[in-house]
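Please open the model in a viewer and keep the sequence panel visible. The tour below proceeds by selection, from the whole chain to single residues.

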Amino acid sequence: SRLPETRPSPFLKWVGGKRALLPVLRAHSPASFHRYHEPFVGGGAMFFHLAHKRKLPKGAVLSDNNERLIRAYRGVRDAVEDVIALLHDYPHEKNFYLKMRERPIDKHSDAEVAAWLVYVNRTGFNGLYRVNQKNQFNVPFGDYANPRICDADNLRACARALHGVELRVEPFDLIAERAQKGDFVYF
């Protein structure tokens, strides 16, 4: 017999994430809509919930002003096995974390950005994403006993959910130019 597919859930912890509010949000969501837009995607709790429930029509658009975040989504969508392979090689060690934190990640592939962001997110203090004025990640090491750095099943489920999704680096106000009557825009 076939095992059930893993339910996609956010692969990143994100400040302001709405995972705990999903029951309330679901109650206020439209039963049907044309296209889904999420201009502050963050961890994507609402998107992954709707994707799991198969309530997303084709043409969903996820966007954020944070280029590394959107590149991480692209890396998971387009090269999830590369992301998983990289994460399997990343140890949970403070010195490695500090080296990763200093890494000039923007010059690397989307898969490398995704693995980097998942790693620093899962091993940094409170799952924070914070950069200084030079766009350098500066969150201190989180003192966790055994963080789950690589959840391969969930990453693959997220990749399936992201298949065919448009991922954009852009400010939220551009949604006004793209959204049409009958679309669901989740702010």
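The stops that follow begin with the whole protein and then turn to individual elements.

**Whole chain**

Select everything first, bearing in mind that this is a predicted model. The protein contains seven helices and four strands, arranged along the sequence as α-β-α-β-α-α-α-α-β-α-β. Its radius of gyration is 17 Å, close to the 16 Å that the globule rule gives for 187 residues, so the protein is as compact as a globular protein of that length. Along the principal axes, the C-alpha atoms occupy a box of roughly 50 × 50 × 30 Å.

Colouring by accessibility is useful here: 44% of the 187 residues count as buried. The accessible surface amounts to about 10400 Å², and carbon and sulfur atoms contribute 50% of that area. If contacts with a sequence separation of 6 or more are displayed, 72% of them join residues 24 or more positions apart. Colouring by charge shows 29 positive and 21 negative charges, whose mean positions lie 5 Å apart.

**Strand β1: His37**

Select residues 36–38, which form strand β1, and centre on His37 within that strand. Is His37 buried or exposed? His37 has a relative accessible area of 0%, and is therefore buried. Now display its surroundings, leaving out residues up to four places away in sequence: His37 touches Val61, Ile175, Arg178, Ala179, Asp183, Phe184, Val185 and Tyr186.

**Strand β2: Ser63**

Move next to residues 61–64, strand β2, where Ser63 is located. The relative accessible area of Ser63 is 1%, under the 20% limit for a buried residue. Which residues does Ser63 contact beyond its neighbours within four places in sequence? They are Glu38, Pro39, Phe40, Val41, Ile70, Arg168 and Glu170.

**Helix α5 and Ala114**

Select residues 110–123, helix α5. At 1.5 Å a residue, its 14 residues should span 20 Å, and the end C-alpha atoms are indeed 20 Å apart, so the two values agree. Eleven of the 14 residues of α5 are buried, and the helix is thus mostly covered. The buried set consists of Ala111, Val113, Ala114, Ala115, Trp116, Leu117, Val118, Tyr119, Val120, Asn121 and Thr123. To see part of what covers them, add α3 (67–88) and α4 (94–102) to the display.

Within α5, pick out Ala114, which is buried with a relative accessible area of 0%. Apart from residues up to four places away in sequence, Ala114 touches Ala72, Gly75, Val76 and Val83. A distance label from Ala114 to Val61, drawn between C-alpha atoms, gives 19 Å for two residues 53 positions apart along the chain.

**The loop between α5 and α6**

Two asparagines deserve a stop here. Asn126 is in the loop between α5 and α6, and its phi is positive, about 55°, although the residue is not a glycine. With a relative accessible area of 51%, Asn126 is exposed. Select Asn135 next, in the loop between α5 and α6. Asn135 likewise is not a glycine and has a positive phi, of about 65°, while its relative accessibility of 36% makes it partly exposed.

**Helix α6**

Continue to residues 152–162, helix α6. Why can this helix be described as largely enclosed by the rest of the structure? Eight of its eleven residues are buried, so the rest of the structure largely encloses α6. Those buried residues are Ala152, Asn154, Leu155, Ala157, Cys158, Ala159, Ala161 and Leu162. Show α2 (45–52), β2, α3 and β3 (166–169) together with them, as these are elements against which the buried residues of α6 pack. After the helix comes Gly164, with a positive phi near 80°.

**Before α1: Val15**

For the final stop, return to the segment before α1 (22–27) and select Val15. Val15 is exposed, with a relative accessible area of 60%. Add Gly42 and label the C-alpha distance: Val15 and Gly42 are separated by 7.9 Å, although 27 residues apart along the chain.

How values were computed:
Residues numbered from 1 in each chain as written. Predicted model: local features only at pLDDT ≥ 70, side-chain atom pairs only at ≥ 80, totals over all residues. Heavy atoms only, no water. Expected span 1.5 Å × (residues − 1). Buried < 20%, exposed > 50% of the residue type's maximum accessible area, 1.4 Å probe, protein only. Contact = heavy atoms within 4.5 Å. Rg over C-alpha atoms; globule rule 2.2 N^0.38 Å. Areas by Shrake-Rupley, 256 points an atom, 1.4 Å probe, with all protein chains shown as cover. Lys, Arg positive; Asp, Glu negative; His and termini not counted. Charge placed at Lys NZ, Arg CZ, Asp CG, Glu CD.
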